[in-house]
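Dear colleague,

I am handing over the structure we spoke about, and I would be glad if you kept it open while you read the notes that follow it.

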Amino acid sequence: MKRLNLILSLAFISFATQLFAQTNKETTTRIVGNKNYIFVANTAIPMANNDINKVLMMMPGGQGGSSINLSGSQYDVRVTKDSIVAYLPYYGRAFSAPMDPTQGGIKFTSKDFSYTETKNKRGAYTIQINTKDVSKENYRFTINISTNGYASLTATSVNKQPILFNGYLDEPKKKD
């Protein structure tokens, strides 16, 4: 039943996001082709829904649910040809935690990574990013990008359960 709710909520999100295009096809193609874009996270969907639901239900006014709203926050992943800078929250089960509580979440800068890009017949992209130089643990990001700029990012690592982020692509601001 919970998987059905997850599937229905993902279908609703994908349907609703297609009503309002984030970018046009040319902009999406250009920024992905240049490897110079920002993934901005709007929602986080932990893969360990039962554990998260229990915690959310205990909070005052908590209703549970599998999706966590991140709108208005500054959570993003900046991709350039020579670096990946990630600043994302993490909700789920971590098998090892940092001693410093400010080091939680998915926060790193990587200069040594592999980047694989594929494009399907409809023009949507799938990008695999594997970091190699992040201390403590390396990450694998799978980013699925639609032609109108909406994207989902799945973050996996050895020490944490996977988490899914929904959001959109943005162009980096030009420096004057």
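How do the residues of the lining of the second largest pocket divide into nonpolar, polar and charged? Please bear in mind, before the answer, that this is a predicted model. The lining divides into 8 nonpolar, 6 polar and 4 charged residues. The space in this second largest pocket comes to about 410 Å³, and of the 18 residues that line the pocket, P98, Q103, K136, E137 and K160 are the closest to its centre.

It may help to step back to the whole chain, which has 3 helices and 10 strands and which, read along the sequence, follows the pattern α-α-β-α-β-β-β-β-β-β-β-β-β. Of its 176 residues, 37% count as buried. If you take the contacts between residues at least 6 apart in sequence, 54% of them join residues that are at least 24 apart.

The helix I looked at is α2, which covers residues 25-33 and whose buried residues are T27, T28, I31 and V32. Seen down the axis of α2, these buried residues fall within an arc of 120°, and therefore they line one face of the helix. As background, residues three or four places apart in an α-helix point the same way, because such a helix has 3.6 residues a turn. In α2, the buried residues pack against five strands that you can look for in the model, namely β1 (37-46), β6 (113-119), β7 (125-131), β8 (139-145) and β10 (163-170).

Just after α2 you will come to K35, which takes a positive phi of about 50° although K35 is not a glycine. This residue is found in the loop between α2 and β1. Because partly exposed means a relative accessible area between 20% and 50%, K35, at 29% relative accessibility, counts as partly exposed.

The last part concerns the largest nonpolar core, which has 32 residues, and in which V77, I106, I129, F141, L153 and F165 touch the most other members. If you would like to follow one of these in the model, L153 is a convenient choice: leaving aside its neighbours within four places in sequence, L153 is in contact with F39, V77, L88, F141, T142, I143, I163, L164 and F165. Three of the names in that list, V77, F141 and F165, also appear among the core residues that touch the most other members.

With best wishes

Conventions
Residues are numbered from 1 along each chain as its sequence is written. This is a predicted model: local features need pLDDT of at least 70, side-chain atom pairs count only at pLDDT 80 or more; totals for chains, interfaces and linings use all residues. Side-chain values use heavy atoms; hydrogens and water are left out. On a 1 Å grid over the protein atoms alone, a cavity is a set of points where a 1.4 Å probe fits but cannot get out, and a pocket is an open set with protein on both sides within 12 Å along at least five of seven lines; lining residues have an atom within 4 Å of a point. Grid points are joined across faces, edges and corners, and a volume is the space filled by probe spheres set on the points. Ala, Val, Leu, Ile, Met, Phe, Trp, Tyr, Cys and Pro count as nonpolar, Asp, Glu, Lys and Arg as charged, and the others, Gly among them, as polar. Buried means under 20% relative accessible area, exposed over 50%, partly exposed in between (1.4 Å probe, protein chains only). Helices (H or I, at least four residues) and strands (E, at least two) are DSSP runs, numbered from the N terminus. The arc is that of the directions from the helix axis to the C-beta atoms. Contact means heavy atoms within 4.5 Å. A nonpolar core is a set of buried Ala, Val, Leu, Ile, Met, Phe, Trp, Tyr and Cys residues joined through side-chain atoms within 4.5 Å.
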